[in-house]
Amino acid sequence: MIEIDNVSFSYTKEKNTLEDIDLTIPQGELILLCGESGCGKTTITKLINGLIPHFTAGEQLTGTVRVDGTTVSDTKMYELAKVVGSVFQNPKSQFFNLDSDSEISFGLENEGLPPQEIQMRVTQAVQDLNISHLEHRNIFSMSGGEKQSLAFASVYAMQPSIFVLDEPSANLDAPAIETLRRQIKQVKKNGHTIVIAEHRLYFLADLADRIVYLKNGKINQIWKPKEFLSLSKDRQISLGLRSVEIPTLNLQESLFSPQQADLLVKNLSYSYKKNPVLKHVDFSASYGDIIGIVGRNGVGKSTLCQCLCGLLKKKSGTISFRGKQLSLKECRKLCAFVMQDVNHQLFSDSVWDECELSAPSESAAMIEALLKRFDLLGVKDSHPMALSGGQKQRLAVATAILSRKKILIFDEPTSGLDYRHMMEVSSLLKELGKEEHIILVVSHDIEFINATCTNIFSLQP
């Protein structure tokens, strides 16, 4: 059982992130936490797994959180870890090894379990979760979605009584989300308690026992699944929530037009340590295009983008812009890239400084207007690493727009974004598409692709 009793919490003295939270979760219940970015969903997960208060400096915490009858603030983290297993929004932040097999067994080894027990649990986790394709792999060669699945497996092998998941579907394709749904369903069937903070609701709404909606750090509403699924689309949008219907892609494939294209990619190949990732890719785009790059996890979508923007050296093929073949340096000058893990590209001490670093000659008025549009003006003096996942994502998109480069590439730009902020990003990209930009969007977010892109490019294995 989880008991959150009259809890208020703030990371700083200025404003509470959570206020007067009362929530009791019986053993075996699945709770879905939802609400707009920054409403406090992730903070609640940190209260349960002990990251708050054990690993959060300068916090202001009142009230009590109990897990299985023990008070979280009085319990050592290694004891809590035996009961609560966590999968974070950024799975790389919880990896300790270079290879997948060692990662799955890491927690078990730390518990001091016998080698035979460890091997049995690792084998069972791989079989139950259907992830044999992740065995014997270098973690750094994995896609974001594969890393998410590996993080879940490492927790599953530990067999905790409570699972805490923060945006577990953020980087997953549709088949992987369905696999995740089956995995969560199995965990629930086994009697485990599950707390999930999510923006994508369609794959969880009917599995949850209760849907808890947070607004401005407070519990605003609690629904049963039937009540939640009966909400009108307009009501969902007014609450800032994503659709509860399974999305289907309804855009046409981008045609390869070498004679008319501004950007032309011919016969592009790339290998990672002699392992082919991209094979003879042909691709074209023109000013005004907003192309959604889609495909299964691990197929090479992010690799293609990194080749286009000069971060990776292609094995063969050409990249041309308006008839001129580009060098790596020229690719970097032409393209702005928002990475899947935006933590890698936030460098400054404040949100405002981050914008000025991307565009030193840009006017303060332009920066202020863009931050206001992205709902970031109120945190302009905050350190980027202190922002929520959705806020970091919006900041990275804002800095790419400020760079004013002709080709803008976004890798999962809506990871961690609620409906309102997703549509803000969509609206801005469509405006940019009218201003002599080529925009490429790698995404598994079908709702966003349908709302934003002019067509799609399906990358095949």
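Which residues line the largest cavity? The views below get there after a stop at the sheet and a pocket. This is a predicted model, where local features need pLDDT of at least 70, side-chain atom pairs count only at pLDDT 80 or more, and totals for chains, interfaces and linings use all residues. Residues are numbered from 1 along each chain as its sequence is written, and side-chain values use heavy atoms, with hydrogens and water left out.

**View 1. An open, mixed sheet of six strands.** The strand order is 6-7-8-3-9-10. (Strands are DSSP E runs of at least two residues, helices are H or I runs of at least four, both numbered from the N terminus; two strands pair if DSSP finds at least two bridges between them.) Strand 6 (84-87) and strand 10 (218-223) sit at the edges with a single partner strand each, so one side of each has no neighbour in the sheet. From one strand to the next, the twist averages 20°. Strand 3 (residues 30-34) and strand 9 (residues 210-215) run parallel, joined by four bridges; leucine 32 has isoleucine 211 as its bridge partner in strand 9.

**View 2. Helices against the sheet.** Helix 1 (residues 41-49) touches strands 3, 6, 7 (162-166), 8 (193-197) and 9, and its direction makes about 140° with that of strand 3. (Contact means heavy atoms within 4.5 Å; axes are lines fitted to C-alpha atoms, for helices over the stretch in contact, with angles from 0 to 180 degrees between N-to-C directions.) Helix 7 (residues 174-189) lies across strand 3, strand 7 and strand 8, at about 145° to strand 8.

**View 3. The second largest pocket.** This pocket holds about 770 Å³ of space. (On a 1 Å grid over the protein atoms alone, a pocket is an open set of points with protein on both sides within 12 Å along at least five of seven lines, a cavity is a set where a 1.4 Å probe fits but cannot get out, and lining residues have an atom within 4 Å of a point.) Of its 23 lining residues, Ala81, Phe96, Phe106, Gly107 and Met158 lie nearest the centre. Helix 4 gives the most to the lining, with four residues.

**View 4. The largest cavity.** Here is the opening question's answer: Glu167, Ser169, Ala170, Glu198, His199, Arg200, Arg242, Thr414, Ser415, Gly416, Leu417 and Asp445 line the largest cavity. About 80 Å³ of space lies inside.

Key
Points joined across faces, edges and corners; volume = space filled by probe spheres on them.
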